[in-house]
Amino acid sequence: MMDREQLKLELKQMIIKECEKDLRPEQIPDDAILIGSQGSLALDSLDALQIALAVKQHYGKRIDGSNQTRAALTSVNSLADFILSDAAP
Amino acid sequence: MIKIVSASHYLQPVNDDAALTSLESALKDLCREPFRRIDRFIQLALLGSASCAAGRKLRPNCGIYLGSGLGPIGNNIVTQEQLIRDAEIPKPFNFINTLGSSAGFYVARNLGLQGQNFFISRRGASLQAVLSAVMADMLLGFVTQALVGAVEEVALPLGTHRLRQHLPQDILLAEGSHWLLLQSGAGDSRSLDLQRFAEFTALEDFLGSAWQAGDRLCCATSMDNRVADTLRQGFAAGALPDADGAFHDSLEAAWLAAFAAGSEPGNLFLVDGHRQRGWSLFHLGA
């Protein structure tokens, strides 16, 4: 079983790397909104696609167009929940 | 009349698989904002265009005409490897930047331009292609000011990069970003015009009559060597030396931009063409 705190740190590092943001992991709160102008990271739909592909590559979990999986991209918390969930990849 | 208001010239030879020169620091000084998601090709385009426009207030409708022989080759390789070798969906940033026009988008955004924005890929004649397009547009009045550039990127390893272009393995390769800012109207700066000739003898006759002491001549790299040699022998005193002996696919742009950016007096003539297609003569006035 993956450690949730360790996973969240990995996800923050992955988001920073994939989206080329000039941030440190500790500057991303677990519940910060990731996508959209209301979020402090101000990531857009292209960033969302980039993160979705990286999640598939690293964790084997596919974020598709359904509302349920799209919700995984809300925050680092929701992304960690999605990866740790029992849903089939 | 078309005038060359300013020019910038970046030519960086790449030695034996050494790491490519970092452009980050130069871009930090030249760009209005830090850009994410940009690749090497876009960095080179930003570097050259921003240098050419430095200290000038461009018109918002200034056109952008960017040419390249190989285009964003590094990103293309990464994307092809993801697609074919790894059988994966390519990363969105890589995929989008395989379009040469991505570079034009970032150049426009950096300089605050909203005019027309062209990318033309033409092996061995990218500068001639963009110059032909922009000069037609300027003469027809579609644009009155335009940034015209040619960008070439090197993708490591060098041996593969040479092989990909069918080049000898001992040739020195270079990256380049060469830009001209053109404007319609009068002024003291160098003029730019283009003439076409159906017959080679007509081209030779014209050059013979227009030639003055101190003028320079260059022949496009894609020209037949024997024809180019004939011209070079005829105007030997002005034959332009090659750009530091280094090669990329848009060397004509390197010659023109270096000449326009420098203070050398006289005219520069760039000849391109083929016996069956006819001949083009690009002329940078004194």
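**Figure 1. Ser68(B) and its partner in strand β3(B).** Ser68(B) stands opposite Ser121(B), a residue of β3(B). The strands β2(B) and β3(B) run parallel and are joined by 5 bridges. Two strands count as paired if DSSP finds at least two bridges between them. Helices (H or I, at least four residues) and strands (E, at least two) are DSSP runs, numbered from the N terminus. The model is predicted: local features need pLDDT of at least 70, side-chain atom pairs count only at pLDDT 80 or more, and totals for chains, interfaces and linings use all residues. Residues are numbered from 1 along each chain as its sequence is written, while chains are lettered from A and ligands numbered from 1 in the order in which they are written.

**Figure 2. Burial of strand β2(B).** Because 6 of the 6 residues of β2(B) are buried, this strand is largely enclosed by the rest of the structure. A residue is buried if 20 or more other C-beta atoms lie within 10 Å of its own, exposed if 12 or fewer, and partly exposed in between, with C-beta atoms placed from the backbone. Gly63(B), Tyr65(B) and Gly67(B) lie on one side of β2(B), and Ile64(B), Leu66(B) and Ser68(B) on the other; all are buried, and both faces are thus covered. Strand β2(B) also pairs with β4(B) in the parallel sense, over 5 bridges. In that pairing, Gly67(B) stands opposite Ala150(B).

**Figure 3. The open sheet of chain B and two helices that pack on it.** The sheet has 9 strands in the order β3-β2-β4-β5-β1-β6-β9-β8-β7 (chain B), with mixed pairing. Its edge strands are β3 (117–121) and β7 (216–219) of chain B, each of which pairs on one side only. On average, and with direction ignored, neighbouring strands of this sheet are turned by 25° against each other. Strands β1 (residues 2–14) and β5 (residues 173–184) of chain B pair in the antiparallel sense over 12 bridges; in this pair, Ser6(B) has Leu181(B) as its bridge partner in β5(B). Helix α2 (residues 40–53) of chain B packs on the sheet and touches β1, β2 (63–68), β4 (145–152) and β5 of chain B. The direction of this helix makes about 40° with that of β5(B). Helix α9 (residues 225–234) of chain B also packs on the sheet, touching β7 and β8 (268–274) of chain B, and its direction makes about 175° with that of β7(B). Axes are lines fitted to C-alpha atoms, for helices over the stretch in contact, and angles run from 0 to 180 degrees between N-to-C directions.

**Figure 4. The boundary between the two domains of chain B.** Chain B is divided into domain 1 (2–184) and domain 2 (191–284), with bounds from an automatic or database domain assignment. The C-alpha centres of domain 1 and domain 2 of chain B lie 23 Å apart. Domain 1 of chain B gives 35 residues to the contact, and domain 2 of chain B gives 27 residues. Two residues are in contact if their C-beta atoms, placed from the backbone, lie within 7 Å. On the side of domain 1 of chain B that touches domain 2 of chain B, the elements that give two or more residues are β1, β2, α6 (126–139), β4 and β5 of chain B. The residues of that side divide into 19 nonpolar, 12 polar and 4 charged. Ala, Val, Leu, Ile, Met, Phe, Trp, Tyr, Cys and Pro count as nonpolar, Asp, Glu, Lys and Arg as charged, and the others, Gly among them, as polar.

**Figure 5. Glu20(A) and the contact between chains A and B.** Glu20(A) is placed in the loop between α1 (4–18) and α2 (45–59) of chain A. This residue is partly exposed, with 14 other C-beta atoms within 10 Å. Not counting residues up to four places away in sequence, Glu20(A) touches Arg36(B) and Arg37(B). Within chain A, Glu20(A) and Asp47(A) are 27 residues apart along the chain, and their C-alpha atoms are separated by 9.5 Å. The contact between the chains takes 6 residues from chain A and 6 residues from chain B. The side of chain A that touches chain B has 4 nonpolar, 1 polar and 1 charged residues.

**Figure 6. The fold of chain A.** Chain A has 4 helices and 0 strands. Its radius of gyration is 12 Å, close to the 12 Å that the globule rule gives for 89 residues, so chain A is as compact as a globular protein of that length. The radius of gyration is taken over C-alpha atoms, and the globule rule is 2.2 Å times the number of residues to the power 0.38. Along its principal axes, the C-alpha trace of chain A spans about 30 × 25 × 20 Å. Of the 89 residues of chain A, 26% count as buried.
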